[in-house]
Amino acid sequence: MEKAERYDFRQIERAWQARWHERDLFAVPADDQREKFYYLDMFPYPSGNLHMGHLRNYTIGDVVARYQTMRGKAVLHPMGWDAFGLPAENAAIKRQVHPDPWTRRCIEEMHRQLDMLGISFNWDREVNTSSVEYYHWTQWLFLQFLKAGQVSRAESMVNWCTGCQTVLANEQVMADGTCERCDQVVNKKRLEQWFYKTTDYAQRLLDDLEELNEWPEQVRTMQRNWIGRSSGVEFEWQVADSDIRFRVFTTRVDTVFGVTFMVLAPEHPLVEQLTKGSEQEAQVKAFVQSVLASDQFARSSAEAPKEGIFTGAYAIHPLTGVRVPIWIANYVMMDYGTGAIMAVPAHDERDYAFARKYDLAIPPVIVPEGQTPETLALPYSGEGLQANSGQFDGMPNRQAMTAIAEWMEAEGLGQRTVNFRLRDWCLSRQRYWGCPIPMVYCDTCGCVPVPEDQLPVILPTDVEFTGRDNPLETSPTFQHTTCPTCGGPARRETDTMDTFVDSSWYFLRYASQPSDAAFCRSELDRWMPVDQYVGGIEHATMHLIYARYFTKVLYDLGLVGVTEPFARLFTQGMVTKAAWWCAQEKKWYTEPADLVDGTTTPAGHAVERQVAKMSKSIGNVVAPETICESSGADTGRCYILFIGPPEAEAEWQDDGISGVHRWLSRVWRVGVRSAEAWLPGWREVLATAELDADQKALRQKLHQTIEKVTSDIERFSFNTAIAALMELINTAAPFADKKLPSGTDVDRAVYSELAEHLALMLSPFAPHLADEIWAATGHENTTYEASWPSHDAAAARRDRITIVVQVNGKLRDKLEIDADMAEDAVKDLALASERVQSQISGKEIRKLVYVPGRLVSIVV
C-alpha cells in the first residue's frame, strides 16, 4: 500500500479488479480435489442495467462464495443470462432491431457493471440461454421428455389481442382488458399448445418437500399450496335431454345431497357446447369475455362479488335424479379440479352468496345435534348429522363421507381419487424470441419430432417485427421444411418455449459444458446438487417447481444423479426507497430537498411519504454503478448488507451510504498504520510476550470479532457481522493513536495480528480494500487465496461478564460476575440480590434456571 492522503477507492478498486482478472482468480480447475461448494444466484434477465436488487442478491452470494473458498472449498460461483423473453422482442418492435444484437449489448453492459462490483463469478462458466450453443440442448431435452411421455399437446386459453392479432402475455394486458400496445380489446381464445406433464410428478414434488428442510418454511408452504393435493370423490353428471356428460370432483361428498345447482368455470369447454345456437348464447358469450378480461387474482378472492349467468341447460343429479340448473360463475376457476363444481349453498359461503343473489334453493344436509334444518343458521360449515340425505340420514357427517363414497363406488357412480391444483405446464409461447420447439407438421405423417442429428432448429433472421402476429410466421425459410419421416413437405412449429424452460436446467449447464452434449454425468455428480441457492421469493412456485420437476424427470432418465436440484435455499428481501406522492399534482417527489420542510411541494400542496420498491416510474431508483463511481463498490456492498437482515425488506437511505463510506475510510487508515507498524514475526513475539491491559483488550476484541463474524456469515446475518467489524475498528483506532507508530515490538505485534485478521474478515464484504490491506502487510497473493482465520478462545474469553436476573419473566437486576463462575455460585448470588429478594421474599421458588453467560430465570 502506497502512502496516500486519503482513501482513494477508485484507484484501489480498479487496480485489484485488473489483478484478479489478469490471474483468472475465480476459475475452478477441472481437477480441483477440494471439497466442493456450489453457490448459485438466480440469474438475471439482461435488461442492460443493474438495480439495487441485483446488488443485494449478488453481494450476498459473493460473501458466501469468498468465505467458503477461504474455508478451503472448491467453490463454483457461476453467472449467466436468462436472455430469451418478451422485453427483447418488444425492444425489437419499438427500435426495429433484431433481439439478438440488442440482447448481446445488454449482456456486455451488465457484465461490465458486475465487474465494477468485484463479484467473484466464474465467468468461464457463463451461459446465455438465447445462444444457439444453449438452446440446442434445450431442444434436445424437449425430445428426451417427449420420448419419456412427458410432453403433450392440448387446447388452452390464451390472451388474444383483436388489434395485433397475436397472443399476449398476462403482463401485456392492461387492467381494463385492453392491449398495452394498441389499446384494442383483449379476448380469451383457445389454441393448441404444448405442455410438459408436471401433473405426473405432483405427488413426488409434494412428498420431497419434506427432504428440503434447509429451505424457508414459507417457500415450502407456498409450494404445498400450489401443488394443492386434495382427496375426494370424482363422479359424472349427465346434461338433461342430451348425451353430454361431465365430471365433478368434491372433497365434501357428505354434502352431495344438498346440491341445488351446478357451476362451470367460464373457460370450461362445455360452456360453448351447451349454449351454441340457444337464446342464451350471446349473453353467455359476453359474460364469459367480461370475466376472462377481469383481474384473475381478484376473481378468485373470497371477498369478490359473485357474478353468474344461467346457461339454460340442466344436469341430472346422479344420486337423486333431480334436474339441477347449470350456471356459469366468476368464482369457479378452470385450474382446480375439473372446472365444474357441485354447488351446495347451505354449506359453502361462496355458493350461499351466489344462491341468495340468484334466488336458488338452499336446503341444509348437515345439522348439528339439537338443531333442525329449519332452525339452522346458514351457511353452516361445521360437523353434524346427515339430513335430507336419503339412506344416510342421521349418520355423523364424517362417517357419511366414507359411507357415501363406498356406496357410489359400489353402484358405479363415482370413485375416490386424489386431485391436485397443479396443472400441466403450458410451455408454448407465440413469440419469436424464445427457443424453437423442434416439431414439424406433415399432412401425411402428422406431428413429427425433428431428429436429434438435425438439431438445433435455429431462429431465422428473415422475420418482421410489426407487433402483429407471430414473427416466425413471417419467415418462409423457417416455416417450410421437409418431413423427417417421409421426406415430403412439412411446416415447422412456430411456437417457442416458455423462458421458464431455460431456467429449469441452467444450473446443470453451469456445472458441465461439453460441446457435444447438454452436460456430462460425471461432472454433474461432482457438483450437484447446488449447495446454496439464493433469489427472490417471487420465484417460490413457478421457477422452483419447474426446476424441481425437470430434475426429477432427468433423474428418472438416468441423466442426473440427484432428485432435488437445490439443497439449501435463501430468499432475500427487496430494496425500497422513500418517495413523496402529491395527490393534487399527481406527481412523485424523490428528494427531500425538493420539498418545503419535507411536508409540502413548492406549490404548497401536501405530500405523503411512502416507502416503495425502486421503480423508474416513481423515479426513486439508485443505480449500483452510480454508487461505485461516487463512493466505491466496497461501500455499496457493505451498505446493502448493513441496512438490515438480508431476508427482510430494506430501505435505502442516502445518508446511510455516507456513513459506511466514512467507516471504510477509517478501515483504510488502519491499513495505512498497519503498513507502518507491520512486524512479520508477530506470531513469535506474541507467543512469549506479557501483554499490558490495552494489548489484551485489543486482542480480546479481535478474537471475539473473529468468532462472531464467522458465526454470522454461517447464519446469513451479514448486517451484524459488519456491525462487529465496525466495533473492532472503534477499539483499534484508539489503540493505534496511543501506541503507534513509536510503539514497542509487542504493540506492533498486536497491531499486526489485528491488521492481518481484519483483512481476512473484511475480504467477503469489501474485497478490494481487504486485498489492499493484505498487500500492505507483506502478503504476495490475495485474501481470496488465504485461509479464513480461527479465533483464539483463550484470548477471546472475557474475565468479567454481565448477566441479567429475571423473576417471572421480568428483568429485576443485572449482575457482573467472573466469566468462569460456577453455576451454583451464580444462582446464590442472584438469589441474594436485594432487588430480587424484594420480589421473591415469602414466595415459593418453583424454578431456578441459569443460562450460562446470559441470565438467571426465577419462577415463583
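## Aromatic pairs, a β-α-β unit and some buried helices

The structure holds 48 aromatic pairs. Please keep in mind as you read that this is a predicted model. Two of the pairs are a good place to begin: Phe310 with Trp327, which is tilted, and Trp425 with Tyr546, which is stacked. After those come the charges over rings, strand S1 and its partners, and some helix residues.

**The tilted pair**

- Phe310 and Trp327 sit 5.7 Å apart, centre to centre, with 40 degrees between their planes.
- This pair brings together distant parts of the chain, since Phe310 belongs to strand S9 (residues 308-316) and Trp327 to strand S10 (residues 323-329), 17 residues apart.
- How accessible is Phe310? Its relative accessible area is 24%, so Phe310 is partly exposed.
- Trp327 counts as buried, because its relative accessibility is 11% and the cut-off for buried is under 20%.

**The stacked pair and its cluster**

- Trp425 and Tyr546 are stacked, with 3.8 Å from centre to centre and 5 degrees between the planes.
- Here too distant parts of the chain are linked: Trp425 lies in strand S15 (residues 425-426) and Tyr546 in helix H17 (residues 542-556), 121 residues apart.
- Are these two rings buried or exposed? Trp425 has a relative accessibility of 2% and therefore counts as buried, and Tyr546, at 10% relative accessible area, is buried as well.
- Both residues belong to one aromatic cluster, which is made up of Phe142, Phe145, Trp194, Tyr196, Tyr201, Trp425, Phe500, Tyr546, Tyr549 and Phe550.

**Arginines over ring faces**

- Arg66 lies over the face of Trp20, 4.9 Å from the ring centre.
- Arg323 is placed over the face of Tyr314, at 4.8 Å from the centre of that ring.

**Strand S1 and its partners**

- Strand S1 covers residues 36-41 and is mostly covered, with six of its six residues buried.
- Which residues of S1 point the same way as Lys36? Tyr38 and Leu40 do, while Phe37, Tyr39 and Asp41 point the other way, and all of them are buried.
- That pattern has a simple background: in a regular strand, side chains alternate between the two faces of the sheet.
- S1 runs parallel to strand S2 (residues 74-76), and three bridges join the two. Within this pairing, Tyr38 stands opposite Leu76 of S2.
- Helix H2 (residues 52-70) completes a right-handed β-α-β unit with S1 and S2.
- S1 also pairs with strand S22 (residues 532-535), again in the parallel sense and over three bridges. Asp41 has Val534 of S22 as its bridge partner.

**Helix H3**

- Helix H3 spans residues 86-95, and its buried residues include Leu86, Ala88, Glu89, Ala91, Ala92 and Ile93.
- When you look at that list, it helps to recall that an α-helix has 3.6 residues a turn, so residues three or four places apart point the same way.
- Helix H4 (99-116) is among the elements that cover the buried residues of H3.
- Gln96, just after H3, takes a positive phi of about 55 degrees.

**Ser674 in helix H20**

- Ser674 is found in helix H20, which runs over residues 654-677.
- Its relative accessible area is 1%, so Ser674 is buried.
- Which residues does Ser674 contact, leaving aside its neighbours within four places in sequence? They are Tyr751, Ala755, Ile773 and Thr777.

Definitions and conventions:
Residues are numbered from 1 along each chain as its sequence is written. This is a predicted model: local features need pLDDT of at least 70, side-chain atom pairs count only at pLDDT 80 or more; totals for chains, interfaces and linings use all residues. Side-chain values use heavy atoms; hydrogens and water are left out. Buried means under 20% relative accessible area, exposed over 50%, partly exposed in between (1.4 Å probe, protein chains only). Helices (H or I, at least four residues) and strands (E, at least two) are DSSP runs, numbered from the N terminus. Two strands pair if DSSP finds at least two bridges between them. A crossover is right-handed if, with the strands pointing away from the viewer, the path from the first strand over the helix to the second runs clockwise. Contact means heavy atoms within 4.5 Å. Rings of Phe, Tyr and Trp (its six-membered ring) pair if their centres lie within 6.5 Å; planes under 30 degrees apart count as stacked, over 60 as edge-to-face and the rest as tilted. A charge sits over a ring if NZ of Lys or CZ of Arg is within 6 Å of the ring centre and within 35 degrees of the ring normal.
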